[in-house]
Each structure stands twice: as structure tokens, then as C-alpha cells.
Number of protein chains: 2
Amino acid sequence: MWSHEVPSAPNIAIVGVTGAVGQEFLRVIDQRNLPFDNLKLLASARSAGKQVEYQGKTYTVEELTEDSFGDVDIALFSAGGSISKKLGPVAAEAGAVVIDNSSAFRMDPNVPLVVPEVNPEAVQGIEVGNGGSGSSGGGIIANPNCSTIIMLVPVTPLHKAARVKRMVVSTYQAASGAGQAAMDELELQSKEVLEGKAPTCNIFPFQYAFNLFSHNSDIGDDGYNTEETKMVKESHKIWNDTSVGITTTCVRVPVMRAHAESINLEFEHPLDEEEAKRILSEAPGVSIIDDRGGKRFPTPLDASHQDDIYVGRIRNDQSRKQVAGHGIDLFVCGDQLRKGAALNAVQIAELLLAGVPAV
Amino acid sequence: MWSHEVPSAPNIAIVGVTGAVGQEFLRVIDQRNLPFDNLKLLASARSAGKQVEYQGKTYTVEELTEDSFGDVDIALFSAGGSISKKLGPVAAEAGAVVIDNSSAFRMDPNVPLVVPEVNPEAVQGIEVGNGGSGSSGGGIIANPNCSTIIMLVPVTPLHKAARVKRMVVSTYQAASGAGQAAMDELELQSKEVLEGKAPTCNIFPFQYAFNLFSHNSDIGDDGYNTEETKMVKESHKIWNDTSVGITTTCVRVPVMRAHAESINLEFEHPLDEEEAKRILSEAPGVSIIDDRGGKRFPTPLDASHQDDIYVGRIRNDQSRKQVAGHGIDLFVCGDQLRKGAALNAVQIAELLLAGVPAV
């Protein structure tokens, strides 16, 4: 139980409200009826002054500054890593709980990295204050990378049942992961290519429409790109277990807003497809689409604008006929902006407001 | 050596010349200067009579019948499995070598399944005749599935170096694999979606534009679709080794004509990324694009209209820090119509005409 009274309607700020995730925050808060007393919409000076109609009221976007957080209980950050690094600690110091969508604090050992269906207990010790200065609350919680979340929601219940020893994951990632500008460029390029014109390449250095490419994040010394390394390290932190072998290949595909992942799991203990299906059918945040006869399995469009991670192609790994081991293959889809970002952050806020059971 | 004289300029027939692969046959034969005396263009009655300008001559498409093959030395079939099943044996009986692009004969133990860079010796025993009836030649050779070819060209030299024990493959397959009509539908749907209209779904039962989906072939009892099972069984046949564990997940992405594959390899013997790069840099039919600093790796557009399989993201599998074994990850792209179909078949014809060294 909490040592202080959790506010039933906190003051909430959205940092980066004009971005793709910022806009999704507004939709998710409305759809889930997240209670709030005051809602502050923050963005860069360029967007300040814009009017936003929301839940029957008119809000004015305010310029994000160091003084933005005096009366904020929960600050949902999605304005990029450098802004999080600079203003996240300022907001926390002012008494807000920062739920940060960037990678700035994810691997900080003092910052919980949370998927509510997976490790809700990790928010222990972070308390929501009670309306501004003098509040006892504050702190930073990191929202994991979208691909990590979309992977761990379905894989964790299987991990709990049979322990994942090793996983091989290939992603099919949507434009939204690179922001609204990337979604706009994919749309523009698609029009241009269909008209026989040369594609405009501002966000990525080559054609994205009717093409795909290895994720454009930087490559480390081990040859893995940052996105792939995030999936490995964040999973280890969230599971609190670095003994699981994980290799990932991250690829951007010309899809708008939902990621897909092809996941091969090697288990410590036996687990067959029937048991995997049973476990997944009861797993929070998971919906199964796995109709072999009708050939209907998850697609990014199925998952778009949906809360759940869709799972299908659940099958025994046939390579285990030749090479000993217990294995399952899965194909999953999840909305990158929603469960991959805004929804997961709002669920963390809900967790804080509900009070987390003691470990 | 051959027991008879191989014709320097055989009579060639293209069966299904109006399809996407049929058209690619014409381009590949021209670009590679495959010698021929007579060229017969065959298609269904619907297309018969069409005029085709080719290498400065006008050809008339002829209706495909049981009597089409009397004077044919090499028949390149790409008109679907049922036509291959019906007329492939007829053509072979008439003295033609059928190089068949369908799946009809691939798993027939009496039919060689050939990737010229991988198992050229498998064509031994099939002889090209010498201009028609009374010829000593004839027989059927199967062209493997496109995804199998694109995988085995780069993986085989690594397999020869360190023996693949197990592989986990996820594909990113282009529209061309489902034919010209699927390419046309992807283009039409993309226009419709961009204009806010409902997409026309004739070839696939749901939206393909800005979406992706598990390969639409039938699902077997083991939960694998036919495309996935082909990749496994054809690899076992081509390598003449069923002891390699292979699991595949086949996915169609909204890309026009080149497939990508994310390949995780587990080796019997140690093989690191440096050695893998060295081997691949010398491998026939392989080009490396693997610039970590410049973040340039293979894309389907790089591979489109190209002969080689493009390979990149060559790296040591980091999951081997936790789980013992030797592993490499790769990302490859290859033109589905070209090396995945027409080029491989024409290379088989070249192999026959050159004479294959005795095993």
C-alpha cells in the first residue's frame, strides 16, 4: 500500500502533445477515462499557442520550459531523448512522476522500466504526489521501446511457464516508429512512385515506399543496431534476467502504425503449441488470431488502433525434429503508437493511481 | 562428359510467356545472350496470336497444346503447377528438357532440383537433345521455390565451411511471388488507400497496401504453410541432407519484386563474422552490401532487376553469449522474378549446354 493518499484525479501534463505519440496520448486518455483534474498540453515554442479541442473544452498548447511542472502530478513525456534528459529530472524534482517514452532513462538502474502486464511491481517506490509543490511524490519511470513491449506482452507468460532460454526475433516495423514525419513521407513517396516520379527522401536517405530496409538506427561495435540492442537489454532489465539469449533483426517495412514480429522461442522446459495457445488465450493484453483453416492470422491493420497485441501462427518449431530442444514459433502484431507507446504509458499511470500491491 | 553432342543453339520454348516470370525469361535470355536457333513463345488460347517484338524479330504467341514440343530442345515452364503436371511429361517425352518453375515436380525423387551455384552436379543424366524428334535428350529439372533459392545461394558456402545445424528464417516476400495480378492489385490498392477509398481485394481477401500478412498458402497439419514447408523440404533435397533443422516464417510485404529474408544460422563448427564475410565475398551469385558506418544494407530495391543475392547485416549472433553454440545473423535480398525464378532456370539451361563436369 501507498504511504500517502494517491490523488483520484491528478494534474497531468503531456510533453510533446503535437507529435504522433502526443496525439495518441489524448485519444488513449479519453478512451480509458483516465481521471485528471488539470490537463496541461506542452510542446516546443513553435507549437505554443495552438488551440486544441478536447473533451468539450478548448486547451491552449503551452511552451515547454523548466517552469512547466510546478503543479503537475504525472508528466507523460514524448518529445525525444534530449528533451527528456534535460527536463525529465526537472519535472521529477518539482514533484511530478515522469513517464518517459524516450530511451533516455531506460537503462538507468535507478529508473524502473515497466510493462504493466509484465513487471508492474517495478513501479514500487514511485509515488504520485498530490497537486503540486510540497508534494511528496515524483520520480521517473521509463516506457520501454515499442518493439520490446510488443514482444514481451505475449512472450512473458510463455517465459513464466517454461523459461525462454533463447529467442530469435525479426521485426517488421511501421513508419510511426520514426514519427509523424516518417508516416507523411511514406504517404508522399507512395503517391510519387505510383505517378512515376522520383520519391522525396527527407527522413530516410532512400526510397521507403514499396521497399523495406534494416532499421536506420546506428550500428554498434557488435554489428547490432540500436533498436536491436534495446530489445535485448530492455528485455533483460524488465525480466530481471540477463541469462536469456536474444538475437534480433530490426527492419522497417512500408506500413503505417503497427509493428509485426516473427518470434522463435527456445524453452528450458517442454512447452507445446496447445499449451502455448492455452496460456496466451488467458494472457492479459493478448488477443489470438490463429485460424489455420481460414488462413487468418494477425496483420498490422488488425492491430492498428487496438490495445491488444495480436498473436497467431502459434506452432511447434519443426527444426526441433533435427536439433534437440523445445521450441515454439509465433507471429505477433501490435500498434506502435498505442501499446508500443501511449497506451503502455497511460497504463503505468493507472497502475500508480490504483496503488500497486506490495511485492 | 556428355554421351552426345550438346547443341550450341538449341530450340527453346517459353511456356507461359505472358506471365511475370515468362516476361522475365525473355529479358534474361536476351541479357545473357543465351544462344537459340528457334524460339517458341507459348501461352493459353487467350493470349495466342499476340505479337511480341524481341531481338529485332516479331514473334507470334502460339497456343500451348500437347503437340507444342516436337522440335523443342529446352522448354522453360512457368504457367502454374497444373499445366506443368499435365504437359511437362509430354514435353519431356517429345525429347525436350523441361526446366519447370512450378512446384509440381520439385519433390519427385526422380527429378533434380537445382540451384546452379549450389548443386550443379544434380543435372547429371539429363541431356539436351538435338533439334526435335528422334532426339536422345529430354527430361525434367525443377527450379526451386524463390525463397529457397534466395536463401541457399548465400547460406550454402557457409554451410560448406562450418555445417549449418539449425536455421531460423523469417521472410519479407514481394507481390511478384503471387504473379503479375498481385503486383497490379498492390499498385491499385495503394492508389485507392491513398485516395481514401476502400481497396479492391481480388487476389488476396484483405488489404495488402500498407499492410503485410502471413503467406497465404495453405496450412498443413504441423501449422506451417506450404511456402514454409517448401523452404525446408527443398533445402533438404538440394543439400541432400535432412539432418539440418530449419524453421521458417513466410510473410508477404507490400514490395513489388524482390524478397528479403532474415536468417539466423547455428553452426556445427565455429564460424565468426569475419570468416563469414570472407567466404561470402568469394561466393558465386552473392554481392555484399554491409556498410555499418554508412548504415547501408541490402534492400529489395537494390536487388530488383539484379542477378545477385545481396547480403548484409553479417554479424555474430549475440545470443551465443548466453546459450552455447556458433551463430551468425544475415539479412539478404534477391529478385524474386530473376534469381528466384527466370534467371535460375536459364542458368540451369546454360549448365546443360556447357556440359556439367562428371561428379
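1. A good place to start is chain A, where helix 3 (residues 146-162) and helix 5 (residues 226-239) pack with their axes 10 Å apart and at an angle of about 40°. Axes here are lines fitted to C-alpha atoms, for helices over the stretch in contact, with angles from 0 to 180 degrees between N-to-C directions. Helices (H or I, at least four residues) and strands (E, at least two) are DSSP runs, numbered from the N terminus. Helix 3 of chain A and helix 5 of chain A are therefore oblique to each other (under 35 degrees counts as roughly parallel, over 145 as roughly antiparallel, 65 to 115 as roughly perpendicular, and the rest as oblique).

2. Please keep in mind that this is a predicted model, in which local features need pLDDT of at least 70 and side-chain atom pairs count only at pLDDT 80 or more, while totals for chains, interfaces and linings use all residues. Residues are numbered from 1 along each chain as its sequence is written, and chains are lettered from A in the order in which they are written.

3. Now the domains: the assignment, automatic or from a database, gives chain A domain 1 (12-144 + 341-354) and domain 2 (147-336). Their C-alpha centres lie 26 Å apart. In contact (C-beta atoms, placed from the backbone, within 7 Å) are 14 residues of domain 1 of chain A and 18 residues of domain 2 of chain A. On the domain 1 side, helix 8 (residues 338-354) of chain A gives the most, with three residues.

4. Lastly, the two chains: 55 residues of chain B are in contact with 55 residues of chain A. Strand 9 of chain B gives the most to the chain B side, with five residues.
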